[in-house]
Structures are given as C-alpha cells and as structure tokens.
Amino acid sequence: MSSKNSVMVFIQQDDGTVSDVSIELLSKARDLATQLRTEVTGVLIGDAVKAEAAGLVPYGVDEIFVIEDKRLKNYTPVPYTKVMVEMIKKHEPQIVLYGATTTGRDLGPRIASNLKVGLTADCTDLQIGDYSFKDSEYKDILYQIRPAFGGNIIATIVAPEKKPQMATVREGVMKVGSPQPGYKGKITPVTFSFSDADFPSEIIKRIREEKLVDLKGSQIIVSGGIGVGSKENFALIYELAHTLGGEVGASRAAVDAGFISKDHQVGQTGTTVRPKLYIACGISGAIQHRAGMSESARIIAINTDNEAPIFQIAHYGIVGDLNDVIPKFIKAFKAKE
Ligand SMILES: Cc1cc2nc3c(=O)[nH]c(=O)nc-3n(C[C@H](O)[C@H](O)[C@H](O)COP(=O)(O)OP(=O)(O)OC[C@H]3O[C@@H](n4cnc5c(N)ncnc54)[C@H](O)[C@@H]3O)c2cc1C
C-alpha cells in the first residue's frame, strides 16, 4: 500500500508530549482505514519529537512523518499550516483528522481555507458509508457526525466532492485501541526549508494554568444537576465522590445556577467522559448532557421523576430523593470497606 489515500492524523504535541486526543484519533483512523483498505499516516511537528513517534506505531499507524525544527517546538499557525498543507498536497490523504483542541480548532480551518476543502468541527462520531445526491453516487464517504441546532439533532455531514475530507474531533469521544506491540510502521523524518517569513510570530512566554478538575482522567464520576438544589447541598455530591475515590461532575444547569464551576461541566459544551462508573444525581438526562457521558461503562441515575430521560440510558436507576439516597450509598460503601 502507499501513503496516498490514507487516513491522516495531525499528531498534536505539547511540550514534546503527544496529546491524548491524538492517540484517540490514531485509534479511530485505524478503524476507518481498515474499512477503507488503506493506510493510517500521521504528521508530527515539533522540536526533538521523533522519539515520541515510536510509541504511536503500535496503534496501527503505517507511517509517521516527523518534521523537526527548534522553531516548531510550540504551535504557531503559519509554519504549522505550511507543513500540513505541503504534506497533504504531497501524500493526498482521503481523510485528515485533528483534535478539537485550541490548536486543532485554529489549524484545521487554516488548512481547509488554503486547500479549499470542507471541515466539520467538533465531531462526536465518524463512520464510513455511501451517499447519493441527484445523479451522483459516492462510495465510502466519511460521515462526519456531530450535534447540531443546539444539540437538538445529531447531524451527519458529508463533503464527498473534494479530498481530503477533514474533521476536528472532540477530546475523549473516540476510544483508544489496544496497542499491538509488533505492528510494523515507518517513521519518516521530513526536511523542510523555512525562511524567516514563515515565522512571523514568536512565543515569548507561555503561561499554563494548572487544571484543578480532571474529569477525563477519572474512572468514577459523581455528577450533580439542578436537582441538587443549592451550592451548599453539592457537599453531598463531593462526599459521595470522595468516598468512592472519584471526581465531581455537573450538568450545565447546575453550573449556570452557580452551584459549581464550569470546569466540572459534563456534556456537549463541557467535557466528554467515559468513566467506568458515572453516577448522575438530580440530572434529567437532556441530550446535551448525555452527549458527554453516554459512553460511560456503567451509569447509575438517582432521580425523583421515574420518567426522567436519564433512566433510558442508566444501567441502574434509583427513583428517589438524592438527599435520602446518597447518604445511604455512602453508609453502605463505608460499611463494605
Ligand atoms: C447548545 C446547548 C448546549 C448545552 N450543553 C450542555 C452540556 O454540556 N451539559 C449539560 O448538562 N447541559 C447542556 N445543555 C443544557 C441541557 O439542555 C439541559 O438544560 C441541562 O442538562 C439540564 O440540567 P439538569 O438535568 O441539571 O436540570 P433539569 O433538566 O431541570 O433536571 C433536574 C432533574 O433533577 C430531578 N430532581 C429534582 N429534585 C431532585 C431530588 N431531590 N432528588 C433527585 N432528583 C431530583 C428532576 O426530576 C429532574 O429530572 C445545553 C443546552 C444547549 C441548548
């Protein structure tokens, strides 16, 4: 096989470490490429990042192009766009994927505009299928799936006429595949000649704010909704989360009501999570909330309304007042310990 027509991933690195979303995308690219009977390629841009590439091959990556230069250490739009555009023109992938991170959301549109191709932002799923329009039939097109119209519908977007088909994909939505240690993939250093004009901006200082909430990394999440009733009553959600060794999540309504800060929000406009256990307390289960947690391995819902939509996706449902149920949960768990 050749790298032409591949499924290509922009491999994002931050301070020399490959981002989680890039590994998620390489895993998804492997699935898509298998269906399309083609290769997975990746483009890794940075300074002294080649060693990182070896660890990615086992995710089923056939070739990783590595472009290194001291001035490429951190993302800046102009040189990264130049590299990606040239790599796409040279290798003619049929699909290119980017993480819907700050970097991917900046880079993707620049490349789309340069190549005059489409780009679907913030996808939550990608599939392969056929498409017909008027008299034209398109085989093996990328279905770019994402919530639309305020999350009230899930739209499938196609861009069949121009290649590559490009999408940014939300962090945390694609499952990381199991690495195959013996997978044979190439790491190909690529030399680029840059001029000073390719670096019109310079990063003088980077200020990073430490993340205080790690929803994505937590295997247990206890989330509270507006049904919790008050900021003070969120102490109950914290107590259950800490008892179970988990993190605290929230619905947007709870965030908007000022019960808890936005970095705890789960859902379409919050964080997408897939923990082993998700406990939804006083959350109705609106589609925008479910978009961020429905892939959790086990879901427990506590709600006074037995018709709340959250019960449609919950593996275990408890109809009751969270003020009664949660203390019993905590007591039972402590007794078991
Ligand atoms: C563009 C857009 C993006 C959005 N993004 C998000 C997002 O990222 N995340 C998100 O969560 N929402 C999002 N929303 C909002 C979403 O539509 C819902 O409004 C929100 O999820 C509702 O939050 P909730 O379940 O806490 O509140 P409600 O829907 O009001 O539900 C509260 C639930 O608590 C139950 N309850 C009340 N008292 C108790 C009690 N004592 N014990 C047990 N149960 C009780 C009630 O029966 C009810 O089911 C978005 C909306 C839009 C338009």
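This passage walks through the domains, sheets, helix contacts and two backbone details of a predicted model.

Start with the overall layout. The domain assignment splits the chain in two, with domain 1 covering 7-198 and domain 2 covering 220-336. Measuring from C-alpha centre to C-alpha centre, the two domains sit 34 Å apart. They do touch: seven residues of domain 1 are in contact with eight residues of domain 2. On the domain 1 side, the touching residues break down into two nonpolar, three polar and two charged.

Turning to domain 1, there is an open sheet of three strands, ordered β8-β9-β10 and paired antiparallel. The edge positions go to β8 (125-133) and β10 (153-157); each has a single partner strand, so one side of each has no neighbour in the sheet. Going from one strand to the next in this sheet, the average turn is 40 degrees, direction ignored. The antiparallel pair of β8 and β9 (residues 136-148) is held together by eight bridges. One residue to look for here is Asp125, whose bridge partner in β9 is Ile145. Helix α1 (residues 20-36) packs on this sheet, where it touches β8 and β9. The direction of α1 makes about 35 degrees with that of β8.

Further along the chain, helix α3 (residues 77-91) and helix α4 (residues 102-115) form a packed pair, their axes coming within 10 Å and crossing at roughly 50 degrees. Since angles from 35 up to 65 degrees fall between roughly parallel and roughly perpendicular, α3 counts as oblique to α4. The crossing of α3 past α4 is right-handed. From the α3 side, the residues in the contact are Pro77, Tyr80, Thr81, Met84, Val85 and Ile88. They meet Asp106, Leu107, Arg110, Ile111, Asn114 and Leu115 of α4. Sorted by class, this contact holds eight nonpolar, two polar and two charged residues.

Two backbone details are worth a look on screen. Lys116 has a positive phi of about 55 degrees, even though this residue is not a glycine. Its place is the loop between α4 and β7 (119-123). The other detail is a cis peptide bond, running from Lys163 to Pro164, with omega near 0 degrees. Pro164 belongs to the loop between β10 and β11 (165-169).

Now for domain 2, assigned to 220-336. Here the strands β14-β13-β15-β16-β17, in that order, make an open sheet of five with parallel pairing. At the edges stand β14 (247-250) and β17 (316-319), each with a single partner strand, so one side of each is left without a neighbour in the sheet. Neighbouring strands are turned by 20 degrees against each other on average, again with direction ignored. Towards the β17 edge, four bridges connect β17 to strand β16 (residues 298-303), and the two run parallel. Within that pairing, Asn303 has Val319 of β17 as its bridge partner.

Helix α5 (residues 234-244) lies across three strands of this sheet, namely β13 (220-224), β14 and β15 (277-281). Relative to β13, α5 runs at about 170 degrees. This helix also has a helical partner: α5 packs with helix α9 (residues 322-336) at an angle of about 20 degrees, with the two axes 10 Å apart. An angle under 35 degrees counts as roughly parallel, so that is how α5 stands to α9. Here the crossing is left-handed, with α5 passing α9. On the α5 side, Leu236, Glu239, Leu240, Thr243 and Leu244 make the contact, while α9 brings in Ile326, Phe329, Ile330, Phe333 and Lys334. The class tally for the α5 and α9 contact is seven nonpolar, one polar and two charged residues.

Terms used: Residues numbered from 1 in each chain as written. Predicted model: local features only at pLDDT ≥ 70, side-chain atom pairs only at ≥ 80, totals over all residues. Pairing = 2+ DSSP bridges. Axes fitted to C-alpha atoms, helices over the stretch in contact; angles between N-to-C directions. Contact = placed C-beta atoms within 7 Å. Domains from an automatic or database assignment. Nonpolar A, V, L, I, M, F, W, Y, C, P; charged D, E, K, R; others polar. Parallel < 35°, antiparallel > 145°, perpendicular 65-115°, else oblique. Left-handed = near helix turned anticlockwise from the far one by under 90°.
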